[in-house]
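Me: I'm new to reading protein models and would like to work through this one with you. Can we take it one question at a time?

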Amino acid sequence: MTAFKAFGNESQSLTIARMTIENRLDRVSIFGDLDITKDKAGLALALIVKTVIDSAVAELQAQKDLPDKLPAPTLTIVDNPFK
């Protein structure tokens, strides 16, 4: 697995089975589904997910002034270039 530093960039994405983890500067998004089976393969998957979550928790705990909640993103509407 490539080193995953949560909140480290706007381009990193990790796919584990049918689950995707996307890295952003202000959030880590996790979506899809993942079966962690009671076998060595399940353990390997669980450890990968744990590494990602541990990275996010460590980064959050290291922040001195976390806001209570992030503000909603600013949206910009642009003209359709394919018209």
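Me: Which label fits Asn-9: buried, partly exposed or exposed?

Reply: Quick background: this is a predicted model, where local features need pLDDT of at least 70 and side-chain atom pairs count only at pLDDT 80 or more, while totals for chains, interfaces and linings use all residues. Residues are numbered from 1 along each chain as its sequence is written, and side-chain values use heavy atoms, with hydrogens and water left out. Buried means under 20% relative accessible area, exposed means over 50%, and partly exposed is in between (1.4 Å probe, protein chains only). The relative accessibility of Asn-9 is 24%, so Asn-9 is partly exposed.

Me: Which backbone nitrogen lies 2.8 Å from a polar side-chain atom of Asn-9?

Reply: Start with where Asn-9 is: in the segment before E1. (Strands, E, have at least two residues and helices, H or I, at least four; both are DSSP runs numbered from the N terminus.) For a polar contact, look for a pair of N or O atoms within 3.5 Å; within protein, one must be able to donate a hydrogen and the other to accept it, and residues adjacent in sequence count only if both atoms are side-chain atoms. Here the backbone nitrogen belongs to Gln-12.

Me: How far apart in space are Asn-9 and Leu-25, C-alpha to C-alpha?

Reply: Leaving out residues up to four places away in sequence, Asn-9 touches Asn-23, Arg-24 and Leu-25, where contact means heavy atoms within 4.5 Å. In sequence, Asn-9 and Leu-25 are 16 residues apart, but C-alpha to C-alpha the gap is 5.4 Å.

Me: And Asn-23, is that one buried or exposed?

Reply: Asn-23 sits in strand E2 (residues 18–23). Its side chain reaches the backbone nitrogen of Phe-7 at 2.8 Å, and its contacts beyond four places in sequence include Phe-4, Gly-8 and Val-28. The relative accessible area is 1%, so Asn-23 is buried.

Me: Which residues of E1 point to one face and are buried?

Reply: In a regular strand, side chains alternate between the two faces of the sheet. E1 does this: Ser-13 and Thr-15 point to one face and are not buried, while the buried ones on the other face are Leu-14 and Ile-16.

Me: What is the bridge partner of Leu-14 in E2?

Reply: Strands of a sheet pair through backbone hydrogen bonds, either parallel or antiparallel. Two strands count as paired if DSSP finds at least two bridges between them; E1 and E2 are joined by four and run antiparallel. The partner of Leu-14 is Ile-21.

Me: In what order do the three strands of the open sheet come?

Reply: The edge strands, pairing on one side only, are E1 and E3 (28–33). The pairing is antiparallel, and the order is E1-E2-E3.

Me: What angle does the direction of H1 make with that of E1?

Reply: Axes are lines fitted to C-alpha atoms, for helices over the stretch in contact, and angles run from 0 to 180 degrees between N-to-C directions. H1 packs on the sheet and touches E1, E2 and E3, and its angle with E1 is about 155°.

Me: What is the distance between the end C-alpha atoms of H1?

Reply: The expected span of a helix is 1.5 Å times one less than its number of residues. H1 (residues 40–62) has 23 residues, so it should span 33 Å, and the distance between its end C-alpha atoms agrees: 33 Å.

Me: Which residue caps the N-terminal end of H1?

Reply: Look for a side-chain oxygen lying 3.3 Å from the backbone nitrogen of Ala-41. That oxygen belongs to Asp-39.

Me: Which element gives the most residues to the largest nonpolar core?

Reply: A nonpolar core is a set of buried Ala, Val, Leu, Ile, Met, Phe, Trp, Tyr and Cys residues joined through side-chain atoms within 4.5 Å. The largest has eleven residues, among them Phe-7, Leu-14, Ile-21 and Val-52. E1, E2 and H1 each supply at least two. With three residues, the top giver is H1.

Me: Last one: is Gln-61 buried or exposed?

Reply: Gln-61 lies in H1, where buried residues include Gly-42 and Ser-55. Its own relative accessibility is 66%, so Gln-61 counts as exposed.
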